[in-house]
Amino acid sequence: MKFFVDTAEIDEIKDMADSGLLDGVTTNPSLIAKSGRNFKDVILEICDIVDGPVSAEVASTDYETMRKEGLEIAKWAENIAVKVPLTEAGLKVCKELSDQGTMVNVTLCFSASQAILAAKAGATFISPFVGRLDDISQDGLGLISDICRIYDNYPDFHTEVLVASIRNPLHIVEAAKMGAHVMTAPPKVIKQLYKHPLTESGLAAFVDDWAKTGQSIL
Ligand code: E4P
């Protein structure tokens, strides 16, 4: 499973990249607004830090403007994945950009039928939002399971399932069991993956016992 981090904060991205576990970055207009920085400046900086795909989202909703924005964003760096919303216009732009060899991340996916359309439009990634579905008492992970099963039935679908809107480690573990290709999560949730109380108590005991030996390795 590939690990993307869902943030536009440079310090957080550098910290994740230092872990050696980071395969890419996703941003969205809300995360850019939260950063308070210029969109292009932030994206270029992120593309310098991370070799893998960096998702940068179009801002318009009409086809013509979205197409122009997508073509513009695609020029910014080799590892850009243009992010488009799952709308009729968005998928039309997706098809065009994919056909010209640009990576496309289709975002705001909330149903299996939408995921089928994105695969047919040649999306590099489909981003189903598990947390936002859970928030309205629908089964976010059930959607991941459905999409993985459907995509497995069609070898000519090359779209990767990018599990998004992740709220907790269980979302990641369950999606991994289903074979989802990629997950994107906020740094806080990725940090939670390391944690187990038995690791902490076990380590504390080892440190105490080692001190009793009076030895030193270095
Ligand atoms: C993914 O690409 C989105 O930016 C993100 O996962 C949305 O998450 P949220 O529902 O926590 O805003």
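**Entry 1: Arg-167 and its partner**

I started at Arg-167, which is partly exposed, with a relative accessible area of 41%. I kept in mind that this is a predicted model. Which side chain does Arg-167 meet in a salt bridge? I found Asp-135, at 2.7 Å from N to O. Arg-167 sits in the loop between strand 7 and helix 9, and Asp-135 belongs to helix 7 (residues 130-135), so this contact ties together parts 32 residues apart in sequence. I also checked the cover on the acid. Asp-135 has 53% relative accessibility and counts as exposed, because the cut-off for exposed is over 50%.

**Entry 2: other salt bridges**

I noted the total next: the structure holds 10 salt bridges. I looked up two further pairs.

The first was Lys-83 with Glu-57, whose side chains meet at 3.8 Å, N to O. Lys-83 is in strand 4 (residues 80-85) and Glu-57 is in strand 3 (residues 54-57), so the link joins parts 26 residues apart in sequence. Are these two residues buried or exposed? Lys-83 is buried, at 4% relative accessible area. Glu-57 is buried as well, at 12%. Both values fall under the 20% cut-off for buried.

The second was Arg-67 with Glu-96, again a salt bridge, at 2.7 Å from N to O. Here helix 4 (residues 63-74) supplies Arg-67 and helix 5 (residues 88-99) supplies Glu-96, so the pair ties together parts 29 residues apart in sequence. I read Arg-67 as partly exposed, with 29% relative accessible area. Glu-96 is partly exposed too, at 31%.

A reminder to myself: side chains of opposite charge can pair when their charged atoms come close.

**Entry 3: strand 6 and its neighbours**

I moved to strand 6 (residues 125-128). Which way do its residues point? Phe-125 and Ser-127 point one way, while Ile-126 and Pro-128 point the other way. All of them are buried.

I then traced the pairing. Strand 5 (residues 103-109) runs parallel to strand 6, and 3 bridges join them. Phe-125 is the bridge partner of Asn-105. Strand 6 also pairs with strand 7 (residues 160-163), in the parallel sense, over 2 bridges. There I found Val-161 as the bridge partner of Ile-126.

I followed the chain between strands 5 and 6 as well. Strand 5, helix 6 (residues 112-120) and strand 6 make a β-α-β unit, and the unit is right-handed.

**Entry 4: the two sides of helix 9**

I looked at helix 9 (residues 169-177) for its buried residues, and recorded His-171, Ile-172 and Ala-175. Why do they lie on the same side of helix 9? They cover an arc of only 95 degrees around the axis, which puts them on one side. The general rule is that an α-helix has 3.6 residues a turn, so residues three or four places apart point the same way.

I checked the face turned away from the buried side of helix 9. Leu-170 and Lys-177 are there, and they are exposed.

**Entry 5: a nonpolar patch**

Last, I looked at the surface. Which residues form a nonpolar patch there? I listed Leu-203, Phe-206 and Val-207, with about 340 Å² of accessible area together. I placed Phe-206 in helix 11 (residues 197-213). Phe-206 counts as exposed because its relative accessibility is 61% and the cut-off is over 50%.

Note on methods
Residues numbered from 1 in each chain as written. Predicted model: local features only at pLDDT ≥ 70, side-chain atom pairs only at ≥ 80, totals over all residues. Heavy atoms only, no water. Buried < 20%, exposed > 50% of the residue type's maximum accessible area, 1.4 Å probe, protein only. Helix = DSSP H or I, 4+ residues; strand = E, 2+ residues; numbered from the N terminus. Pairing = 2+ DSSP bridges. Right-handed = clockwise from strand over helix to strand, strands pointing away. Patch = residues over 30% accessible without salt bridge, like charges linked within 9 Å, V, L, I, M, F, W, Y side chains within 5 Å. Areas by Shrake-Rupley, 256 points an atom, 1.4 Å probe, with all protein chains shown as cover. Salt bridge = Lys/Arg side-chain N within 4 Å of Asp/Glu carboxyl O. Arc of directions from axis to C-beta.
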